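Here is a short walk to follow with your viewer open. Keep the selection panel within reach, and take the stops in order.

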Protein chains: 4
Amino acid sequence: MKAAIIHAALDLRVSETGEQDPGPGEVEVRIRAGGICGSDLHYYQHGGFGTIRVREPIIPGHEIAGTVSRVGPGVTAVAVGDAVAVNPSRPCNHCRFCLAGQPRHCLDMRFMGSAMRMPHVQGGFRERLVCSEAQAIKLPPGLSIQHAAFAEPLAVCLHGATQAGPLLGSRVLVTGTGPIGALSILVARQAGAREIVATDLADAPLAIARGLGADHTVNMRADPTGLDRFHADKGYFDVVFEASGSGAALAAAIPAVRPGAVIVQLGIGGEVAIPLNVLVAKEIQLRGSFRFDQEFAWAVEMLGRGAFDVAPLLTEIVPLDEAVRAFELAGDRSRAMKVQLAI
Amino acid sequence: MKAAIIHAALDLRVSETGEQDPGPGEVEVRIRAGGICGSDLHYYQHGGFGTIRVREPIIPGHEIAGTVSRVGPGVTAVAVGDAVAVNPSRPCNHCRFCLAGQPRHCLDMRFMGSAMRMPHVQGGFRERLVCSEAQAIKLPPGLSIQHAAFAEPLAVCLHGATQAGPLLGSRVLVTGTGPIGALSILVARQAGAREIVATDLADAPLAIARGLGADHTVNMRADPTGLDRFHADKGYFDVVFEASGSGAALAAAIPAVRPGAVIVQLGIGGEVAIPLNVLVAKEIQLRGSFRFDQEFAWAVEMLGRGAFDVAPLLTEIVPLDEAVRAFELAGDRSRAMKVQLAI
Amino acid sequence: MKAAIIHAALDLRVSETGEQDPGPGEVEVRIRAGGICGSDLHYYQHGGFGTIRVREPIIPGHEIAGTVSRVGPGVTAVAVGDAVAVNPSRPCNHCRFCLAGQPRHCLDMRFMGSAMRMPHVQGGFRERLVCSEAQAIKLPPGLSIQHAAFAEPLAVCLHGATQAGPLLGSRVLVTGTGPIGALSILVARQAGAREIVATDLADAPLAIARGLGADHTVNMRADPTGLDRFHADKGYFDVVFEASGSGAALAAAIPAVRPGAVIVQLGIGGEVAIPLNVLVAKEIQLRGSFRFDQEFAWAVEMLGRGAFDVAPLLTEIVPLDEAVRAFELAGDRSRAMKVQLAI
Amino acid sequence: MKAAIIHAALDLRVSETGEQDPGPGEVEVRIRAGGICGSDLHYYQHGGFGTIRVREPIIPGHEIAGTVSRVGPGVTAVAVGDAVAVNPSRPCNHCRFCLAGQPRHCLDMRFMGSAMRMPHVQGGFRERLVCSEAQAIKLPPGLSIQHAAFAEPLAVCLHGATQAGPLLGSRVLVTGTGPIGALSILVARQAGAREIVATDLADAPLAIARGLGADHTVNMRADPTGLDRFHADKGYFDVVFEASGSGAALAAAIPAVRPGAVIVQLGIGGEVAIPLNVLVAKEIQLRGSFRFDQEFAWAVEMLGRGAFDVAPLLTEIVPLDEAVRAFELAGDRSRAMKVQLAI
């Protein structure tokens with residue numbers, strides 16, 4: 001079967017790869033749609049990020065959906081032919097984090113398309129893959145496979161909202177309106193936010209953000225003082241979803257939040273400078289948010305009931321054979337929000 | 001009457017200052033004991049900190065206790081002769097923060113001995129001061145005025161513990177064992193922590209920390225890898241009280257905490273660098289903690305019942321006339337934990 | 001001016017009542033719409049409820065909206081002609097509950113149309129009333145006065161949701177689909193509930209509940225075992241909004257909730273029996289929810305942005321002169337959800 | 001080996017029972033001390049409680065400690081000769097509750113000495129038993145086996161405190177000062193409660209309660225209005241630990257708590273009447289608390305460091321052969337707090 005394989009930075013090839021048979025409790029999924037994520041792009045553009053490097057050929061992709069093509073012994077939850085979204089997380093289910101209801105922190109996690117461990121865990125940009133039965137979440141009637149492939153990034157944002165605490169009645173700032181920021185707008189709206197303001201450095205994603213429900217947007221490059229009107233009386237926003245990973249975005253958010261505000265850090269940056277004195281004086285809570293657990297199933301179910309209209313995020317569907325073009329497009333924020341491979 | 005007055009950096013003089021009569025609902029307190037705090041030292045040593053500068057002569061001091069010497073009309077809670085601890089916070093009681101149960105964020109706060117506003121709010125290192133009835137908290141029987149003067153820094157630490165959430169059964173790291181770190185050890189112990197580890201760069205305060213209940217201490221200057229044994233399996237501590245304001249202390253704490261840990265930031269630093277990727281991957285919560293509200297009354301009541309033995313922190317009691325010597329001593333961490341003025 | 005006045009059980013008359021001038025910081029509102037609430041009905045049908053009895057003539061009504069007709073000295077937030085919803089709560093703003101951010105528990109609350117204190121606090125079913133500036137919340141453009149009169153019961157439900165904690169991704173049971181249960185469905189949907197099931201003893205309100213977003217409804221009179229399928233594996237629902245005040249509804253909910261579930265008690269009943277052993281074994285949390293604070297302003301703002309479609313709840317608008325007919329209609333659950341007086 | 005076996009109500013015999021070999025990952029413990037708990041007494045006095053009945057001979061006992069006598073293959077955490085406390089909970093470790101960090105709600109729990117399932121799970125009042133390695137918690141140096149046998153009821157109380165939320169600075173009411181109430185006093189004190197009041201119907205346990213740290217006690221039989229002074233201004237206590245399972249105790253607590261108070265229900269009663277209107281108006285939270293999870297390990301560790309002085313609770317140590325006398329004594333509240341069997 002064919003797969004998109006990254007061999008090194010800027011060396012992505014579509015070529016043949018081996019098959020695998022589903023074992024007991026496992027299923028084989030015929031992948032149909034795969035969204036390109038920021039970490040996939042990092043592997044392609046830079047051969048990794050931080051200390052995580054591509055050390056052997058890796059199939060990227062962890063935002064995937066398809067149909068069950070084979071089932072191993074003992075599988076009961078899904079049957080051949082079922083449309084499924086694939087949860088890329090395969091935790092060990094017996095370490096202390098798994099038993100604490102936090103499999104996202106599993107000490108032996110296998111996360112698809114990740115170069116964190118050796119051998120790398122191969123991802124989903126291929127024709128077929130084998131996963132555990134628990135990873136294949138059956139789609140509700142009426143949910144397209146293309147929209148189901150948004151379940152993974154949506155789960156990230158639902159988990160971010162869970163980290164934030166109750167959002168009902170809150171005033172929310174979203175910094176960075178790439179796919180995670182944009183989906184966070186949908187989630188904040190669905191969770192009862194009273195007002196949503198979004199910032200970015202580019203106009204194109206901000207236009208999409210407004211379409212998704214942002215009440216107001218600020219291009220911080222064109223209008224660097226655009227958040228200043230939220231500084232009065234110790235600040236305005238109750239919650240921030242920081243989705244850029246940029247120290248500048250975080251620095252701009254801090255004077256705009258009210259005392260006691262929660263900043264949920266979704267964007268993965270490196271070292272950034274924080275003004276400790278302001279964090280103390282305003283009792284700001286900066287909370288990291290990492291992947292998701294049960295929120296993947298929520299995402300599939302809530303997509304199925306139409307709670308989130310992800311259509312405006314889907315920029316283009318590109319055939320697997322044109323994966324290089326797809327990755328180049330996905331890397332251009334002026335043209336692309338979310339690019340999917342059709343496999 | 002006499003007061004200790006800072007005119008500029010390193011210019012502290014004990015001289016005469018004016019009297020004030022208590023108005024309706026106000027009381028005059030004859031100050032007996034006043035602890036020297038880090039912010040007092042900053043005014044003395046550097047003429048301020050950050051953007052807060054001594055712009056006119058200021059009487060420092062906000063860790064104070066004494067006896068009621070006069071009462072204004074309508075005062076019922078205390079009477080002449082009562083021993084009291086003085087809460088240095090005088091909020092407006094009608095802004096949105098006061099009405100939200102958060103007077104510490106009052107938009108018009110008058111905090112004793114603070115150069116934040118002009119004219120400066122004069123502090124407590126003087127013979128008598130006038131405050132509202134609500135600021136004079138009557139001491140329980142048996143609580144000495146010297147120990148009562150610890151109510152203010154203790155309230156800071158009780159508020160830090162409140163920000164941390166439940167501590168029962170927790171493993172706690174305290175970074176920086178000056179007075180705030182040291183009192184945080186007492187509070188963590190009283191709040192049911194299972195294990196307490198403390199770090200500092202000096203041996204003298206660490207010895208006191210052990211006496212206060214720290215199970216283990218690390219001198220990070222002598223033993224920079226002393227926390228490394230807490231790094232395994234994604235980290236160990238549930239809660240950190242960061243009481244140094246140092247970026248190095250925060251950086252050392254991050255790999256030693258478990259996923260989902262809470263770091264309560266008590267130390268007031270400037271810009272410090274944070275590894276956002278680790279904060280995200282471990283879902284660390286960095287929470288600022290600022291002053292206190294109801295915890296001041298808790299502190300007085302709990303000191304009165306013997307819940308906290310603050311005696312080991314009291315380095316020396318120095319007469320007001322020797323205020324310069326007291327400030328010099330307070331600034332020497334190898335010799336001093338908490339220096340008090342006897343007034 | 002005219003007012004609807006309850007003199008005793010079943011003795012409601014529309015008659016003349018005195019006028020009042022707005023004092024400093026007060027406004028006069030020309031009332032246009034007033035919804036009839038369950039407590040209004042209790043005064044009319046039974047002369048009170050529990051220990052709260054009509055002891056002198058009382059104007060009922062606390063779900064009201066209108067236009068500002070006069071303003072007293074110093075009023076800045078609203079002007080003559082502004083359309084406003086009237087918050088019926090007038091707390092003292094200086095008791096310990098007001099200063100703790102919980103004015104709903106004010107020790108000296110004046111709540112419109114309540115017979116709790118003597119003299120009774122007169123309510124809103126009259127042509128004009130005087131309230132504090134803070135009680136008159138200006139309507140956003142496009143919000144009708146009739147829909148604005150839903151702000152009060154909606155605020156009750158928003159507060160109930162606040163008591164519940166985060167609802168994102170939750171499975172919710174609503175027991176009792178009168179106006180409070182029905183609005184709780186709207187709120188739970190807006191707060192991100194994954195699934196909503198509603199119960200009642202009558203078909204008419206359940207039909208409205210389905211229209212508002214309940215995924216499934218059960219008429220517990222016709223189908224007493226209709227919740228049994230949620231009993232397996234220790235129960236199903238994460239959150240219950242109990243809006244009936246009936247012990248039978250609470251008893252039916254308990255086996256249907258999962259361990260650790262939260263039951264928010266909105267319905268005001270008398271003594272009801274609770275199976276303590278099940279509450280313990282399943283660690284159920286039964287939480288009372290009383291009125292609202294900041295949620296009134298949320299309600300107006302969120303109604304203004306179209307977050308809640310209350311139109312299906314509005315059964316009929318009846319002229320003030322026909323108040324007796326309006327109260328009779330409001331008391332018939334087979335015909336009425338919410339009846340409003342046009343004043 | 002010998003065991004105490006309940007055949008029916010009031011039919012307890014010490015007789016021979018079979019041995020078992022430790023399998024892989026299992027250990028055999030030579031039991032030395034076993035505390036008699038309320039549920040043991042119910043089996044003995046009434047042949048069960050509620051729907052849980054003794055349907056075949058059962059060895060009671062789940063508050064036990066001893067020394068490891070044999071280890072099965074693969075055991076690494078303990079060795080022969082180690083003194084251990086035995087956690088009576090053996091969850092399945094793979095149901096949804098186990099994987100959610102809530103093994104106490106395990107769908108296939110085996111809890112020692114429980115008649116809930118058939119065949120009954122045999123308990124610890126015998127010379128030797130086999131349990132999983134994870135159930136045998138090694139004692140810290142200096143902790144006696146007799147005090148270690150308090151780990152189980154102490155874990156129940158630590159879990160109750162966890163359910164309560166932060167206790168630092170709180171005013172606590174404990175209703176019912178049997179062993180669970182008495183240990184809750186120790187826990188509340190250790191968790192930073194500011195004030196503790198305890199009630200019971202008997203003087204003997206109240207005397208012990210005062211010795212454990214209760215500031216004030218009320219014999220509700222002798223002084224039925226003894227809590228009335230806490231009714232003013234909507235109530236006083238922040239947290240209640242209800243350890244009697246009595247409706248009268250719960251009814252007496254409700255007017256004495258402040259709005260928003262948490263009542264942790266530890267006592268397992270039957271149907272009790274609750275005044276829903278007061279629960280609503282005061283927004284009381286009634287929270288069930290069931291057994292414990294990680295708190296068992298906390299209990300052992302904190303007993304080891306001397307955080308809890310359980311000595312005053314230990315009424316008498318009775319040899320296994322006199323088990324009938326021990327049970328009779330344990331059932332007499334005027335004479336006994338906690339009776340242990342020496343095995």
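Is the crossing of α3(A) and α4(A) left-handed or right-handed? Keep that in mind while you set up the view; this is a predicted model.

**Stop 1: two helices in chain A**

Select residues 151-164 of chain A for helix α3 and residues 179-190 of chain A for helix α4. Their axes come within 9 Å and cross at roughly 60°. With that angle, α3(A) and α4(A) are therefore oblique to each other. As for the opening question, the crossing of α3(A) and α4(A) is right-handed.

Now show side chains. On the α3(A) side, the contact is made by P153(A), L154(A), V156(A), C157(A), L158(A) and A161(A). Facing them from α4(A) are I180(A), L183(A), S184(A) and V187(A). Colour this set by residue class and you should find nine nonpolar residues, one polar and no charged.

**Stop 2: the axis between chains A and B**

Next, bring chain B into view alongside chain A. A rotation of 180° superposes chain A on chain B, with 0.0 Å of shift along the axis and an RMSD of 0.0 Å. The two copies are thus related as by a two-fold rotation axis. The same surface serves both copies, as 97% of the contact residues of chain A recur in chain B.

To find the axis, centre on A273(A): of the residues of chain A, its C-alpha comes closest to the rotation axis, at 2.1 Å.

**Stop 3: a sheet across chains A and B**

Switch to cartoon and follow the strands. Twelve of them form an open sheet with mixed pairing. Starting in chain A, the order is β14(A)-β13(A)-β12(A)-β15(A)-β16(A)-β18(A), and it continues in chain B as β18(B)-β16(B)-β15(B)-β12(B)-β13(B)-β14(B). The edge strands are β14 (216-219) of chain A and β14 (216-219) of chain B, each pairing on one side only. From one strand to the next, the twist averages 15°.

Zoom in on β12 (residues 171-175) and β13 (residues 195-200) of chain A, which run parallel and are joined by five bridges. Pick L173(A) here, and its bridge partner in β13(A) is V197(A). Then move to chain B and select helix α4 (residues 179-190), which packs on the sheet. This helix touches β12 (171-175), β13 (195-200) and β15 (237-242) of chain B, and its direction makes about 175° with that of β13(B).

**Stop 4: chains C and D**

Twelve strands form an open sheet here too, running from β14(C) to β14(D) with mixed pairing. β14 (216-219) of chain C and β14 (216-219) of chain D stand at the edges with a single partner strand each, so one side of each is left without a neighbour in the sheet.

In chain D, select β15 (residues 237-242) and β16 (residues 257-265), a parallel pair joined by five bridges. E242(D) stands opposite Q265(D) in β16(D). Add helix α4 (residues 179-190) of chain D, which lies across β12 (171-175), β13 (195-200) and β15 of that chain, at about 175° to β13(D).

**Stop 5: backbone details in loops**

Which residues does a cis peptide bond join in chain C? Look at M118(C) and P119(C), where omega is about -10°. P119(C) is found in the loop between β9 (110-111) and β10 (128-132) of chain C. In chain D, a cis peptide bond joins M118(D) and P119(D), with omega about -10°.

Finish at L10(C), in the loop between β1 (2-8) and β2 (11-16) of chain C. Phi of L10(C) is near 65°, a positive value in a residue other than glycine.

Conventions. Residues are numbered from 1 along each chain as its sequence is written. Chains are lettered from A and ligands numbered from 1 in the order in which they are written. This is a predicted model: local features need pLDDT of at least 70, side-chain atom pairs count only at pLDDT 80 or more; totals for chains, interfaces and linings use all residues. Side-chain values use heavy atoms; hydrogens and water are left out. Copies are superposed by least squares on the C-alpha atoms of residues with pLDDT of at least 70 in both. Contact means heavy atoms within 4.5 Å. Axes are lines fitted to C-alpha atoms, for helices over the stretch in contact, and angles run from 0 to 180 degrees between N-to-C directions. Helices (H or I, at least four residues) and strands (E, at least two) are DSSP runs, numbered from the N terminus. Angles under 35 degrees count as roughly parallel, over 145 as roughly antiparallel, 65 to 115 as roughly perpendicular and the rest as oblique. A crossing is left-handed if the near helix is turned anticlockwise from the far one by less than a right angle, and right-handed if clockwise. Ala, Val, Leu, Ile, Met, Phe, Trp, Tyr, Cys and Pro count as nonpolar, Asp, Glu, Lys and Arg as charged, and the others, Gly among them, as polar. Two strands pair if DSSP finds at least two bridges between them.
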